[in-house]
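Q: I'd like to learn how to read a structure like this one, feature by feature. Please show it to me, and let's start with strands and their partners.

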Amino acid sequence: MLCRRILLKKVWNNGRRWLLPSSSLSPVPTTADYKRHFSTHIMAAFSLPQNNQFTLKIPYMENRCKFSSNAVADLHTNGIVDVPLAQTGEGIAECELLKWFIQEGDEVEEFQPLCEVQSDKATIEITSRYKGRVAQVLHVPGNIVKVGETLLKMAVEDTQVPLVTLSNLENEKQPDTKSNKDFTGGVLSTPAVRNLAKEHGININDVQGSGKDGRVLKEDVLKYATQEGIIKDPLVTATATADLGQLFHREKSSLLESAQVSGHYEDTIVPLRGFQRTMVKTMSMAAKVPHFHYVEEIDCDALAELKASFQTNNLEPGLKFTFLPVLIKSLSMALSKYPMVNSCFNEESVEVILRGSHNIGIAMATPNGLVVPNIKNVQSLSILEITKELSRLQQLSLDNKLSPADISGGTITLSNIGAIGGKFGAPIVNLPEVAIIAMGRIQKLPRVADDGDVYSASIMTVNIGADHRVLDGAIVARFCNEWKRFIEKPELLMLHMK
């Protein structure tokens with residue numbers, strides 16, 4: 001009965017499998033066939049180790065085969081396993097390959113980092129599920145890899161190798177050592193060398209490698225191409241053997257010289273990757289949202305004094321106080337009174353969700369593009385804690401090491417454009433949030449007092465961009481007045497903080 005279920009291709013969720021060689025699934029073997037097969041090949045050959053897996057020592061197979069309770073189709077063939085790009089986060093369909101930590105021929109331990117990829121949301125290290133040797137790398141840095149697509153192939157230990165199918169078990173023969181080695185190890189070469197061979201129409205399997213463990217080098221491909229008469233012009237050979245960086249520099253220099261002579265300048269195509277691709281998507285969606293903007297000026301003289309006092313009494317080396325932590329904390333205090341500004345809009349159900357946490361995002365310009373990490377639960381943090389968390393996020397953004405948790409779950413965004421320059425901007429909301437605030441630089445401007453005297457004040461211009469489907473001008477104006485009150489009189493923060 002057990003063998004009948006296997007022959008009918010039924011997979012068990014529990015229990016162990018018994019494989020019976022057969023060239024056809026019908027007719028169903030008789031009981032006498034089962035008994036004869038078990039008595040001659042299996043019943044005297046299996047053992048049950050502690051890991052609850054059967055080891056079938058079949059005479060006409062070279063390697064051992066282990067079968068667990070996983071489906072037979074999930075096992076890998078001939079010692080080569082595909083290492084795919086795993087799902088790195090909810091809604092992530094593809095990632096950009098940033099760099100490899102390994103190369104072909106390297107021995108890899110389980111959980112060892114293989115490569116670094118960047119999705120729309122974060123930079124992530126991909127680690128190995130297996131212990132073995134890298135047989136083939138299928139992508140180069142800069143490639144866009146879809147989730148589930150194979151990143152590389154690995155030759156793993158024999159405990160992970162077998163796939164025995166019902167159709168070929170009977171005809172299995174002693175494998176040829178040479179062909180098995182070729183298939184298991186593959187041709188060791190880098191993707192650049194394989195691309196070079198492909199450009200010249202060369203089958204890389206025909207090239208004799210001179211590198212370590214028979215690795216095919218760039219010189220081997222060129223030598224083979226010369227011997228076969230594929231490359232005849234020495235200049236072509238020299239160009240093909242040149243380092244990619246030298247080629248780029250030479251081409252760039254040539255273009256510049258040509259441009260200087262002719263006055264013609266070439267366009268450059270720059271592919272958008274990582275966070276820049278994310279900005280394309282999010283801003284395209286946000287542009288469809290009806291916006292309105294509210295502009296206000298805030299006197300920051302008291303804020304400047306408070307910042308100077310914090311820095312003077314700072315006992316932690318390396319910690320620098322700025323205006324931003326106080327602005328973030330005072331913003332959270334205003335959000336507590338006007339929770340509608342700290343909400344998100346569900347367009348399908350036409351509902352507004354008032355967010356309980358004040359996860360305030362800070363727009364940061366990095367070498368890899370604009371990123372908006374957020375400080376979680378600001379309403380329960382002190383100004384000192386906000387300062388430390390802000391410093392942590394800034395360092396991670398510069399190192400391109402932000403995690404998905406750091407950049408997800410934001411409820412409102414601050415854009416401190418004044419740190420770079422500019423008096424004010426017209427920001428676009430970061431969906432599904434309903435408000436974003438752009439803060440200009442603080443500058444000394446003349447102001448007139450109630451008695452007519454002119455005095456100098458530190459003025460910051462803020463521009464609040466709001467989703468007009470959820471917020472109206474009155475709510476935003478009252479919210480901004482409350483925030484302004486805490487900034488201009490920071491002693492009120494102590495009065496209202498819990």
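Q: Which residue in strand 11 stands opposite V81?

A: That's M154. Strands here are DSSP runs of E with at least two residues, helices are runs of H or I with at least four, and both are numbered from the N terminus. Two strands count as paired if DSSP finds at least two bridges between them. In this case, strand 4 and strand 11 (residues 150-156) are joined by five bridges and run antiparallel.

Before we go on, a word on the source: this is a predicted model, so local features need pLDDT of at least 70 and side-chain atom pairs pLDDT 80 or more, while totals for chains, interfaces and linings use all residues. Residues are numbered from 1 along each chain as its sequence is written, and side-chain values use heavy atoms, with hydrogens and water left out.

Q: Which sheet does that pair belong to, and in what order do its strands come?

A: A general point to keep in mind: in a regular strand, side chains alternate between the two faces of the sheet. Here, the sheet is open and has four strands in the order 4-11-9-6, paired antiparallel. Strand 4 (80-84) and strand 6 (107-108) sit at its edges with a single partner strand each, so each has one side without a neighbour in the sheet.

Q: Which strands pair with strand 22, and over how many bridges?

A: Strand 12 (residues 291-299) pairs with strand 22 over nine bridges, strand 21 (residues 443-448) over six, and strand 20 (residues 435-439) over five. Each of these pairings is antiparallel. To find the register, pick out facing residues: H291 is opposite D467, A438 has N463 as its bridge partner, and R447 is opposite Y455. Strands 21 and 22 also make a hairpin with five residues between them, and G452 in the turn has a positive phi of about 95 degrees.

Q: Why would I call strand 22 largely enclosed?

A: You look at burial. Buried means under 20% relative accessible area, exposed means over 50%, and partly exposed lies in between, using a 1.4 Å probe and protein chains only. In strand 22 (residues 454-467), 11 of the 14 residues are buried, so the rest of the structure largely encloses it. Strand 5 is mostly covered too, with five of its seven residues buried.

Q: How many cavities are there, and what lines the largest one?

A: A cavity is a set of points on a 1 Å grid, laid over the protein atoms alone, where a 1.4 Å probe fits but cannot get out; lining residues have an atom within 4 Å of a point. Grid points are joined across faces, edges and corners, and the volume is the space filled by probe spheres set on them. This structure holds three cavities of 30 Å³ or more, and the largest has a volume of about 50 Å³. Its lining is E94, C95, E96, Q118, S119, D120, I144, G274 and R277. Strand 5 (residues 94-100) gives the largest share, three residues. C95, one of the lining residues, has V145 in strand 10 as its bridge partner.

Q: How does that lining divide by residue type?

A: Ala, Val, Leu, Ile, Met, Phe, Trp, Tyr, Cys and Pro count as nonpolar, Asp, Glu, Lys and Arg as charged, and the others, Gly among them, as polar. The split here is two nonpolar, three polar and four charged.

Q: Is D220 buried or exposed, and what does it touch?

A: D220 is in helix 5 (residues 218-227) and, at 9% relative accessibility, it counts as buried. A contact means heavy atoms within 4.5 Å. Leaving out residues up to four places away in sequence, D220 touches V207, Q208, G209, S210, G211 and R215. E482 in helix 13 (residues 473-488) is buried as well, also with a relative accessible area of 9%; with that same exclusion, E482 touches A334, K337 and Y338.

Q: Which residues of helix 4 are buried?

A: An α-helix has 3.6 residues a turn, so residues three or four places apart point the same way. In helix 4 (residues 191-199), the buried residues are P191, V193, R194, L196 and A197. Just after that helix, G201 takes a positive phi of about 70 degrees.

Notes:
1 Å grid on protein atoms, 1.4 Å probe; cavity = no way out; pocket = protein on both sides within 12 Å on 5 of 7 lines; lining within 4 Å.
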